[in-house]
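User: Could you walk me through one part of this model up close, and then show me how it sits in the rest of the chain? Keep it relaxed, but tell me what your terms mean.

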Amino acid sequence: MKTYHWATLGCGVIANQLAQAMQKDGRTLYSVANRTYENAVNFARKYGISKVYQNIQELFEDDNVDIIYISTPHNTHIQYIKEALKHGKHVLCEKSITLNLQELEEAKKLADQHHVILAEAMTIYHMPLYKKLHEIIQSNALGELRMIQMNFGSYKEYDMKNRFFNPSLAGGALLDIGVYALSFIRSFMSSVPDNVISQVKFAPSGVDEQAGILLMNQVGEMATVSLTLHAKQPKRGMVAFDKGYIEIYDYPRAEKAMITYTENQCQEIIQCGNSDDALRYEVYDMEQTVSGISEEMHLDYTFDVMAIMTKIRKTWGFAYPEENQQS
Ligand SMILES: NC(=O)c1ccc[n+]([C@@H]2O[C@H](COP(=O)([O-])OP(=O)(O)OC[C@H]3O[C@@H](n4cnc5c(N)ncnc54)[C@H](OP(=O)(O)O)[C@@H]3O)[C@@H](O)[C@H]2O)c1
């Protein structure tokens with residue numbers, strides 16, 4: 001397989017993890033672009049990256065770049081995605097990939113026009129543990145899927161300097177952590193849950209602070225989601241079938257699950273992969289997809305999840321400043 005040249009647009013918390021993942025595989029990012037040039041220079045020095053762009057536009061125009069990893073705040077994704085795709089670059093963009101379904105549809109159209117891959121960096125789709133669990137489910141050892149329970153809670157300060165509660169940086173629990181819970185659910189359900197109801201409580205800044213979501217698809221598979229950005233909850237997923245249930249610990253980057261077979265009360269621990277290698281798995285799957293070897297990025301699920309989140313926010317009457325400008 002060709003050695004792809006990766007560039008990062010953004011050099012914050014998660015971009016550091018990408019650079020470290022590359023290092024672990026004995027590679028480096030090809031180049032870095034960032035809003036604040038000095039931060040890009042420091043990032044490049046830290047990871048031995050040889051190319052730093054003076055401005056972000058230079059990145060899109062660099063013929064040597066194959067794949068652009070975007071890790072800026074949610075509301076800035078679409079402009080960068082579009083520019084990258086127009087220049088024929090493959091794009092791996094951090095979650096949530098766009099603000100809403102309309103933006104995602106625009107981006108996909110461009111990706112198709114330019115024959116490049118567009119993908120969301122959703123670690124759940126790439127961790128070996130989930131791949132193993134899907135094999136077990138496919139073997140019918142657990143029977144039919146009935147119910148999924150998902151919790152995700154982080155305690156974040158009401159601090160407008162970070163992106164979590166800031167509406168101008170597309171903060172809020174749904175786009176920041178709800179996207180993980182919904183992606184998890186979508187990957188286990190046999191079809192999109194198109195029947196959705198929810199409750200929300202807004203933060204003082206006006207973004208969604210906590211929510212309860214109830215979902216069901218056409219065959220009656222159901223899921224409940226409990227989200228909060230202002231209280232810690234164990235990141236635990238539970239997937240119940242008619243012959244047993246799976247408890248998944250520390251998702252999204254899970255490496256351990258326990259299956260309880262209810263007919264005989266036998267329990268089986270499944271340990272697979274390594275949380276610390278989440279971004280390595282993601283990079284590997286992106287390259288498999290870009291090279292045409294196999295499709296591993298699940299943009300179809302990304303679409304389903306974005307459609308659900310867009311619909312939910314509509315029922316809350318909650319729009320981001322950019323969306324008010326669009327309408
Ligand atoms: N942190 C995590 O564990 C994590 C995990 C998974 C996914 N993500 C996702 O990754 C993305 C970034 O998260 P992060 O935690 O890495 O954020 P972060 O540490 O705050 O870094 C944000 C990056 O975006 C740049 N930036 C900020 N505002 C910008 C703007 N208005 N226009 C252009 N660039 C801007 C910053 O550049 P400056 O140097 O100029 O400030 C910085 O490089 C989000 O989509 C998030 O949901 C994060």
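Analyst: Here is a close look at one strand and its hairpins, followed by the rest of the chain.

A couple of ground rules before we zoom in. The model is predicted, so local features need pLDDT of at least 70 and side-chain atom pairs count only at pLDDT 80 or more, while totals for chains, interfaces and linings use all residues. Residue numbers start from 1 along each chain as its sequence is written.

The part I'd pick is strand β13, residues 244–249. Helices and strands here are DSSP runs numbered from the N terminus, with H or I over at least four residues for a helix and E over at least two for a strand. Side chains alternate along β13: G244, I246 and I248 point to one face and are buried, whereas Y245, E247 and Y249 point to the other face and are not. "Buried" means that 20 or more other C-beta atoms lie within 10 Å of the residue's own, "exposed" means 12 or fewer, and "partly exposed" is in between, with C-beta atoms placed from the backbone.

G244 in β13 is a good residue to stop at. G244 counts as buried because 21 other C-beta atoms lie within 10 Å. If you leave aside neighbours within four places in sequence, G244 is in contact with L142, I259, T260, Y261 and T262; contact means that the two C-beta atoms, placed from the backbone, lie within 7 Å. G244 and Q267 are 23 residues apart in sequence, and their C-alpha atoms are 9.5 Å apart in space.

Now for the partners of β13. Strands of a sheet pair through backbone hydrogen bonds, either parallel or antiparallel. I call two strands paired if DSSP finds at least two bridges between them. With β12 (residues 236–241), β13 pairs in the antiparallel sense over six bridges, and M238 has E247 in β13 as its bridge partner. A hairpin through two residues links β12 to β13. β13 also runs antiparallel to β14 (residues 256–261), joined by six bridges, and I248 stands opposite A257 in β14.

The hairpin of β13 and β14 has six residues between the strands, and some of its backbone geometry is worth a look. Most residues other than glycine have a negative phi, and most peptide bonds are trans. D250, in the loop between β13 and β14, has a positive phi of about 55° although it is not a glycine. D250 counts as partly exposed because it has 14 C-beta neighbours inside 10 Å. In that loop you also find P252, and the peptide bond joining Y251 and P252 is cis, with omega about 5°.

Similar features turn up elsewhere. H115, in the loop between α5 and β6, has a positive phi near 55° without being a glycine. H115 counts as exposed because there are 9 C-beta neighbours inside 10 Å. The peptide bond from K95 to S96 is cis, with omega near -20°, and S96 sits in the loop between β5 and α5 (101–113).

That brings us to another sheet. Six strands form an open sheet in the order β3-β2-β1-β4-β5-β6, and the pairing is parallel. β3 (51–52) and β6 (118–121) stand at the edges with a single partner strand each, so one side of each has no neighbour in the sheet. Helix α4 (residues 77–86) packs on this sheet and touches β1, β4 (67–70), β5 (90–94) and β6, and its direction makes about 170° with that of β5; axes are lines fitted to C-alpha atoms, for helices over the stretch in contact, and angles run from 0 to 180 degrees between N-to-C directions. β1 (residues 6–9) and β2 (residues 31–33) are parallel partners over three bridges, where T8 has V32 in β2 as its bridge partner.

There is a ligand too, surrounded by 19 residues, the closest being G12, R35, T36, N39 and E94; a residue is near a molecule if its C-beta atom, placed from the backbone, lies within 6 Å of it. Helix α1 (residues 13–24) gives the most to the shell, with three residues.

Stepping back, the protein chain has ten helices and 15 strands. Of its 327 residues, 45% count as buried. Its C-alpha trace spans about 60 × 45 × 40 Å along the principal axes.
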